[in-house]
Structures are given as C-alpha cells and as structure tokens.
Amino acid sequence: MARDLSAFAWVLVVLQTAVFVAAAPLFAGWVKRIKCYLQNRRPPPYLQPYRDLRKLLTKEIVLARTASPVFRIAPYVVCGTAVLAAAAIPLLAVELPVSAMADAIVLVGLFALGRFFLALAGLDVGTAFGGMGSSREMMVASLAEPAMLMVVFTWSMVAASTNLSTVISHTLEMELAIRPSLLFALLALLLVGIAETGRIPVDNPATHLELTMIHEAMILEYTGRHLALMELAAQLKLMIYAVLVANLFVPWGIATTLTGGALAAAAAALTAKLAFLGAALAVGETAVAKMRVFRVATFLAVAFTLALVGMLSFVILEASR
Amino acid sequence: MSYLDLPLLEQAILTLAALTLASAFALLAQSRVVATIHVFAVQGFLLAAITVLVALDTGELHLYISAALTLGLKALFIPWLLVRLARQLHILRDWDTVIRPGITLLGAGALVIFCYSVVQPIEQYAAGTTRDAIALSLAVVMLSLLMLVTRRKAVTQVVAFMALENGMFFAAVTATQGMPLVVELGIAFDVLVAAVIFGVFFFHIRESIESLDVDQLNRLSEHEE
C-alpha cells in the first residue's frame, strides 16, 4: 500500500511539473491580455504564447560565427534550472516526494545558476548589446539576491524551516495572526520578483527596441528552438514568483491530502489567486513608468530594507516573548 | 507566552508600530519634497491609529483626545501647512539630495539593531503589551535624527524634526500609555507654533541667501572661494 501511495505521489509530481510548465505561457499571456484591456488595445488570444513557441520551435537556428558551445548549451541550462525549480516548489499539494528538495536556498541557487548561464550567453557572441545586458542583469541580481535571502530568513525564523513545503504546512496549521514580519516579507518579495522577472519598472518585457533593456539584450542573438527555450524559461520564472507569493503568503486552498477532490479544490484556488496576482501586476505595469537603470539600485535597496525591517520586527516584536 | 497568544487587537498595535518604523525608513529614502511631506502625513495617521488602538486596549480615555490631536495636527494640519509653504516657495516639485541612499539605509538598519539592544534592559520595567514597541519608537527618533543630518533642504529638515517629535510621542504611548494630558496639550501647541515659526523662517532664509539649501549657510564671506 505504502509503495502504491509513493508511486502515485511520484506520478503526481510529474503531473504537477507538467501542469506548471504548460500553464506558464498562459499566465504570461493573461498578464498581457489585462494590460491590453487597460491600454485600450485589442488583446491577443489566450493561445498566442503557445503559437509563438510552436512557431519558434519549427524555425531554423541561425548561429553567429563567433558563437562558442556555451552559447548553444545555455538555453538548455537556463530552461532546465527553471523547470527544476518549478518541479520543486509546491504548486497544488504539499508533502510530495520532491518537497525534500523544495528548499528556499536551493531555489535561490537554481535561479543563480540559470542567471549565470544567461549572462554568459549574452557575453558569448561579443555584441555590444549582449555585454551590456549581461552587466545590467548581474547588477540587478547582485542587489536582488540579498533581499531575496532576507525574505527567506524571515520565513525560516517564523516557521523554523527553510523548506517551502514545511513552511506552507506551518502557515496552514497556525491560527490567524497579524504578523508585521510577514507583511514586510511579502512587500520585499513582490519588489524582488518584479526586478528578477524583468517587469516594469525595472525592465520592459514587451520590447527589444530600447537602449535600457536588460533581459531582451541578452537573448537578442538567439533564434529558433533556442529562443523558444529562453522565452519559456522567462515565462516559467514569472510563474514561479507568482506561485511563491500565492502559496507562501495565502496558502489556504492547497491540498494537504492527495485525494482528487482536494487537488481539484487546490487547482481552483490557485487559478483564482494567480488570476488576481496577474491582474494586479498588469495594473501596476500600466500605472508605473520604467525607471532609469541607475535608479534600480535604490529600488532594490528599498526591497532589502523592507526585508530587513521584517526580520527585525520579528526579533523585536514577535520572538522576544 | 508566544506572539500567537496575544489578542488580535494587540497584534494590530504591534503591526502598526512596525509600519511606523517602515514609514521612518521611507522618509529617510524619499528625496522629493512633496513625497516627503506625504509620507510624514501617513506617519501621523499611523500614530493616531496606534493611539486609538492603545486607548481601546487599556481603556484610558485621555488617549482618545491625544489621538484626535495627533490626527488633526500631525496628519492633516502640519502637512497641509508645509505643502502650502512649499508651493509658495516654488519648491514643491524639487528634489533634495539624499546622500548615498544605499549606505544611509544600511546605517538606518544598524541603528534599529542598536536601539533594540539599548532598550532591552529597560523593557522589563515597562508594563503592558506595547513594551516591545519601545525599541521601535526609539528607532524612529534615531532615524529622524539621521534624516536631519543627511538632508540639505530646510523644508525636509523641518519634516525630519517633526518626525523626531512623532517618535517621542510614539515612545510615550507605547512605554507609559501616554503622557499626562496637560503635557500633551502643551507639546501639541509647541509643535503647532514651531511649524508656523519655521514657515516664517523659510522666507527669511530664502531672502538672505536666495535658496533653501542650508549648506550655503556655512559660508560666512560673500565672495565665492
């Protein structure tokens, strides 16, 4: 029986990852649609991101003469780390076999690995844009990572674990409380997520015709299958941050038992949460203008300070009794 | 007794206290004059809300009066006065230079830790559930002091000064459930008079040095070096 259960759980893990990867383009498309409505434009159909990916997959790959093997490996590493991270974080259910791997610090490490190869790929061909994009990406990353880790540490102090699955279970069992530390951690994570996924005001995902672009500058030389992987990785990263915010701070609805009913309820709850988050992101992106690259440092310093205040308020207000 | 055993009302007080600290950080990082005044107004609202909640929690009636005073003076009247002055001086949309915002914010974080360690021995003598917020109120005072020394413009320095007073009031509410009403009325009146006098001073400073940049007050000679 136990063996059956664990086999069933592993099937669920694979299914969950597949759902995650399949839903990521839809989520990116959803944000785009809401933005179109807000800006009085006609929105693309829901399937548009999938059609874009299919088109790119069938296209021929054009490589620059100066491209090294790193350039060709990078898309697989970038997309692979994103899929691995997506597999690790609890999407619909907690206590799955992979939850042993769902450590927040591992997650930060996976992101760092993907980002390292992304920056290498940007530098590899030797164009001016690629180098600029890589240097900017590294600047953003070096400032966003400490803030992200501070958020992780705040959570680990509250829930006494850095494991995402344990943290979510802890929140579910906890009675309702107003915790200042988690409020600040949420704000900091939102800012870090905006910077890491390259949304306005840090980077503009909608264009590659701007001198201040970051992510698009690095993948400018990619074509065909490689570009499809890079695009998918970016969409996955956006979805990962959205799921992190939704499941860490509003975990209610996630399945604690592996029954069909609980999983269906979890899927419905998660869809509602993600739809709301995506709409909020679109509203924010419409209301705010993109900031100068050199102001990004201040933006992330604010995120770091918020996370720091969160941790301090846990120590000062919540732990001292 | 853990944090979760506290009633929701007291958790709300502590959360608002943490938000007040965050508003002090926001004041420190904000460089636009009009935004600084707005954050100051938000801080006033937060303080008034804390005072009302502490009044509900302890049943002290005079705290309602001081909450009303805080709301009227620090959240509404003084910000309105400052915005009006800034508009008359044509500096509403100006930027004040924040000296090295990243390092200032890190220094501010260090100050909060310092305040916490200083206050710890005192906390055990204070009664009530708000005693944990004493460290935060001291931190608000220290952050306002830091803002005073890192700013160049007279208007933002006045905001920092008023925020310092906010911190003192915050400390009084959290440590001893408010000062005697006579003292509070006196302080409120003082703050009001100070705001008006500062307004007159802005015009004097600008008339004599044609700017509100107080760094220029360091020069004694009229000749450029």
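The exercises below concern a predicted model of chains A and B, each followed by a worked solution.

Local features in this predicted model need pLDDT of at least 70, side-chain atom pairs count only at pLDDT 80 or more, and totals for chains, interfaces and linings use all residues. Residues are numbered from 1 along each chain as its sequence is written, while chains are lettered from A and ligands numbered from 1 in the order in which they are written.

**Exercise 1. The nonpolar core**

Determine how many residues the largest nonpolar core has and which residues have the most contacts inside it.

Solution. Begin with the term: a nonpolar core is a set of buried Ala, Val, Leu, Ile, Met, Phe, Trp, Tyr and Cys residues joined through C-beta atoms within 7 Å. A residue is buried if 20 or more other C-beta atoms lie within 10 Å of its own, exposed if 12 or fewer, and partly exposed in between, with C-beta atoms placed from the backbone. The largest such core has 171 residues, and A:I89, A:A147, A:V151, A:A188 and A:A307 have the most contacts inside it. Its largest share, 17 residues, is supplied by helix 9 (residues 224-249) of chain A; helices are DSSP runs of H or I with at least four residues, numbered from the N terminus.

**Exercise 2. Helix 4 and helix 5 of chain A**

Establish how helix 4 and helix 5 of chain A are oriented to each other.

Solution. First, take the geometry: helix 4 (residues 104-124) and helix 5 (residues 128-159) of chain A pack at an angle of about 175°, with their axes 9 Å apart. Axes are lines fitted to C-alpha atoms, for helices over the stretch in contact, and angles run from 0 to 180 degrees between N-to-C directions. Second, apply the classes: angles under 35 degrees count as roughly parallel, over 145 as roughly antiparallel, 65 to 115 as roughly perpendicular and the rest as oblique. Helix 4 and helix 5 of chain A are therefore roughly antiparallel.

**Exercise 3. Across the chains**

Describe the contact between chains A and B, including the pairing of helix 11 of chain A with helix 4 of chain B.

Solution. Residues are in contact if their C-beta atoms, placed from the backbone, lie within 7 Å. Chain B gives 25 residues and chain A gives 21 residues. On the side of chain B, the largest share, ten residues, comes from helix 1 of chain B. For the helix pair, the axes of helix 11 (residues 296-318) of chain A and helix 4 of chain B come within 10 Å and cross at roughly 5°. These two helices are therefore roughly parallel. Among the residues that meet are A:A301 and A:L308 in helix 11 of chain A, and B:L105 and B:V112 in helix 4 of chain B.

**Exercise 4. Helix 7 of chain B**

Compare the span of helix 7 of chain B with the expected value, and list its buried residues.

Solution. The expected span is 1.5 Å times one less than the number of residues. Helix 7 (residues 181-209) of chain B has 29 residues and reaches 41 Å from its first C-alpha to its last, close to the expected 42 Å. Its buried residues are B:E184, B:V191, B:A195, B:F198 and B:F202, and their cover includes helix 3 (62-88) and helix 6 (154-176) of chain B. After this helix comes B:E210, with a positive phi near 55°.

**Exercise 5. B:R152**

Locate B:R152 and classify its exposure.

Solution. B:R152 lies in the loop between helix 5 and helix 6 of chain B. It counts as partly exposed because it has 16 C-beta neighbours inside 10 Å. Leaving out residues up to four places away in sequence, B:R152 touches B:D96, B:T97, B:D213, B:V214 and B:D215.

Terms used: Two residues are in contact if their C-beta atoms, placed from the backbone, lie within 7 Å.
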